[in-house]
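Opening the notebook on this one. I want to look up how some of the helices pack, and then check for enclosed space.

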Amino acid sequence: MAEDIIRNENAVYQKYSTLIISPENIAHNVDVIRSITDRTLIAVVKENGYGMGLWNEYQILKDLDIHFYAVTNCEEALALRRFGCQEKILIMSPVLEYPYCLELARQDITFSLESPAQAELLEQVYRETGVFPRVHIKFETGMGRYGFRWNRLPDMKTLTEHLRVEGCFTHLAGEPAHYEKQVQLQRTRFLEAAASIEAMGIPSGLKHISNSSALMTLGDLGMDGVRVGSALIGKAAAHKKSALKPGQPGLKPAVWLEAPIYEIKEFQKGDTIGYQSRLRLKREARLALVRIGHSDGIYLGYADSPELFFHGILHLAAVKLLPRRYRKTVTVGKRQAPLAGRLGVAHMMIDVTDIPCEAGDPVRVSVNPLLIHPAVPKVIRTKSDASDIYQKGV
């Protein structure tokens with residue numbers, strides 16, 4: 001009788017894609033940002049360096065004269081210190097675990113102060129260590145998450161006797177159709193809150209509210225600093241208004257996915273492609289198979305609610321009536337190749353009938369690096385270095 005074997009293996013992945021990171025394009029984007037404002041630039045490197053690997057992004061940014069970083073959790077802040085970062089680090093979310101509070105204060109990391117309960121924890125840190133925790137006070141002006149409500153502030157003087165207040169900020173939110181109006185409303189609320197704490201005898205310190213979207217649309221909004229994350233990698237929500245001067249170069253994509261064409265096949269008119277046979281070819285076609293798909297992080301979204309009914313109907317109608325406008329494409333050489341059929345979990349078919357190419361040629365896909373699978377290797381590719389520099393990332 002054969003012996004039963006029970007396997008308890010770790011997950012195994014083999015990815016054919018690579019996340020490419022361009023330090024030159026990140027440097028270009030920093031220059032674009034600094035052309036809009038000369039105020040303090042706070043580089044947001046949350047979520048593992050926006051998917052690039054925190055170590056990778058820090059190694060690039062530290063050589064670009066950036067002296068202030070922002071993250072969203074304790075481990076990211078502590079990792080930056082381990083990487084040798086001596087610059088200021090702000091945690092933009094509250095920290096309510098006392099052991100973390102102790103270690104972060106000892107590492108001279110700045111807290112986001114957003115509640116009386118958190119202030120009590122930080123007071124305990126002071127009493128135990130003698131260290132005055134550094135804080136930026138966070139006001140809630142419309143996002144609906146963290147922060148002291150802008151028009152319902154407690155007596156802040158009693159909360160900050162054992163803290164060192166060095167700044168204040170808010171997180172902007174706004175629907176595209178009314179973005180500028182809603183941002184200006186939040187700006188007004190923020191300034192009212194800052195004036196309120198100053199009336200209590202507390203300095204407002206470094207004031208910062210513009211994120212990437214607000215900066216690229218409306219500039220620094222008259223504040224002392226700006227917080228940018230997605231703009232560093234060439235992605236920022238577009239609005240009708242722009243903070244760029246006419247004719248000024250905009251942001252450049254600094255992160256994209258690449259994978260080689262695995263094989264090329266010839267198909268006849270009437271052949272079907274993909275799951276559910278959604279595509280039936282209307283002509284003879286030359287299709288390339290690329291071994292990447294949803295599992296790599298391609299064409300994923302993180303919207304948590306559907307479109308409004310009326311807008312949703314219009315969008316579906318537009319997709320049906322204008323398929324060429326809404327079709328997904330990738331880059332082969334310098335040409336755009338449309339997807340053929342539905343994207344699979346691990347495979348993509350693209351139409352290269354009119355594009356000279358062969359197996360092994362790279363295919364470039366625009367992606368949101370935050371959604372890329374952690375198993376996808378990351379490469380820092382410089383123009384001056386013909387070889388790819390592989391970085392493990394953290």
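Entry 1, second helix pair. I started with the contact list: from H5, Tyr-98, Cys-101, Leu-102, Ala-105 and Arg-106 touch Leu-121, Leu-122, Gln-124, Val-125, Glu-128 and Thr-129 of H6. Sorted by class, I get seven nonpolar residues, two polar and two charged in this contact. Note to self: this is a predicted model, so everything here is computed from it.

Next I looked up the geometry of the pair. The axes of H5 and H6, the latter spanning residues 116-129, come within 10 Å and cross at roughly 60°. Angles from 35 up to 65 degrees fall outside the parallel and perpendicular classes, so I put H5 and H6 down as oblique to each other. Which hand does the crossing of H5 and H6 have? It is right-handed.

Entry 2, the other partner of H5. I turned to H4 (residues 74-82) against H5 (residues 98-106): their axes come within 11 Å, and the crossing is at roughly 30°. With the cut-off for roughly parallel at under 35 degrees, H4 is therefore roughly parallel to H5. I noted the crossing of H4 and H5 as left-handed.

Who makes the contact? On the H4 side I list Cys-74, Glu-75, Ala-77 and Leu-78, and on the H5 side Tyr-100, Glu-103 and Leu-104. By class, the contact of H4 with H5 comes out as five nonpolar and two charged residues, with no polar ones.

Entry 3, enclosed space. How many cavities of 30 Å³ or more does a search of the whole structure find? My search turned up one. The largest cavity holds about 30 Å³ of space.

I then pulled its lining. The residues around the largest cavity are Leu-104, Ala-105, Asp-108, Ile-109, Val-131, Phe-132, Pro-133 and Arg-134. Six of the lining residues are nonpolar and two are charged, with no polar ones.

Cross-check between entries: Leu-104 lines the largest cavity and also sits in the contact of H5 with H4. Ala-105 is in that lining too, and Ala-105 belongs to the H5 side of the contact with H6.

Notes:
Residues numbered from 1 in each chain as written. Predicted model: local features only at pLDDT ≥ 70, side-chain atom pairs only at ≥ 80, totals over all residues. Heavy atoms only, no water. 1 Å grid on protein atoms, 1.4 Å probe; cavity = no way out; pocket = protein on both sides within 12 Å on 5 of 7 lines; lining within 4 Å. Points joined across faces, edges and corners; volume = space filled by probe spheres on them. Nonpolar A, V, L, I, M, F, W, Y, C, P; charged D, E, K, R; others polar. Axes fitted to C-alpha atoms, helices over the stretch in contact; angles between N-to-C directions. Helix = DSSP H or I, 4+ residues; strand = E, 2+ residues; numbered from the N terminus. Parallel < 35°, antiparallel > 145°, perpendicular 65-115°, else oblique. Left-handed = near helix turned anticlockwise from the far one by under 90°. Contact = heavy atoms within 4.5 Å.
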